[in-house]
Amino acid sequence: PKVAAVAAGLAAYERNAVVELRKLTAPASLAQDWRKILAGAEKLAGNTTKLGEEAKAKNLKGVEGLIHEDQQSEKELIAIATTAGFKHCGRNT
């Protein structure tokens, strides 16, 4: 399936993004939130890998579960980022 093919490349991109973000030093006032954001981004990248595996195995319930989990994680991360002062984090505007 196309999802399986795309997921591997997307997961690699997401993991590389986290590596680059880890090189940044957050101000002390944002350090705790920054760690949460990075941990969440790593989790999302890992789930993208799992999503590809589930799609390849044609496990629709597994795919749906990961999508739901990611949606919840993204909501939590956007709330953390908004509280930390990020204005456009996770938004397409």
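**Exercise 1. Identify the residue just after H2 that takes a positive phi, and describe the helices around that point.**

Lysine 58, just after H2, takes a positive phi of about 60 degrees. The model is a predicted one, in which local features need pLDDT of at least 70 and side-chain atom pairs count only at pLDDT 80 or more, while totals for chains, interfaces and linings use all residues. Residues are numbered from 1 along each chain as its sequence is written, and side-chain values use heavy atoms, with hydrogens and water left out.

The protein chain has three helices and zero strands, where helices (H or I, at least four residues) and strands (E, at least two) are DSSP runs numbered from the N terminus. From the N terminus on, the order of elements is α-α-α, and the C-alpha trace spans about 45 × 25 × 25 Å along its principal axes.

**Exercise 2. Compare the spans of H1 and H2 with the spans expected for them.**

The expected span of a helix is 1.5 Å times one less than its number of residues. Helix H1 (residues 2–22) has 21 residues and reaches 30 Å from its first C-alpha to its last, close to the expected 30 Å. For H2, with 26 residues, the expected value is 38 Å, and the end C-alpha atoms are 38 Å apart, which agrees.

**Exercise 3. Determine which residues of H1 and H2 are buried and what packs against them.**

The first step is to set the classes: buried means under 20% relative accessible area, exposed over 50%, and partly exposed in between, with a 1.4 Å probe and protein chains only. In H1 the buried residues are Ala4, Ala7, Ala11 and Val18, and these pack against helix H2 (31–56), contact being heavy atoms within 4.5 Å.

The second step turns to H2, whose buried residues include Trp34, Leu38, Leu44, Asn47 and Leu51; the cover over the buried residues of H2 includes H1 and H3. Valine 6, which lies in helix H1, counts as exposed because its relative accessibility is 53%.

**Exercise 4. Work out how two residues of H3, leucine 66 and serine 73, are placed relative to other parts of the chain.**

Leucine 66 lies in helix H3 (residues 60–84) and is buried, because its relative accessible area is 9%. Not counting residues up to four places away in sequence, leucine 66 touches Asn47, Lys50, Leu51 and Glu54. The C-alpha atoms of leucine 66 and leucine 44, which are 22 residues apart along the chain, are separated by 9.3 Å.

Serine 73 is also found in helix H3 and is buried, since its relative accessible area is 7%. Leaving aside neighbours within four places in sequence, serine 73 is in contact with Lys43 and Leu44.

**Exercise 5. Find the aromatic pair, classify its geometry and state how accessible each partner is.**

A search of the whole structure finds one aromatic pair. The rings of tryptophan 34 and phenylalanine 86 have their centres 6.2 Å apart and their planes at 20 degrees, so the pair is stacked. The pair links distant parts of the chain, with tryptophan 34 in helix H2 and phenylalanine 86 in the segment after H3, 52 residues apart. The cut-offs behind this are that rings of Phe, Tyr and Trp (its six-membered ring) pair if their centres lie within 6.5 Å, planes under 30 degrees apart counting as stacked, over 60 as edge-to-face and the rest as tilted.

As for accessibility, tryptophan 34 counts as buried because its value is 15%, whereas phenylalanine 86, at 33% relative accessibility, counts as partly exposed.
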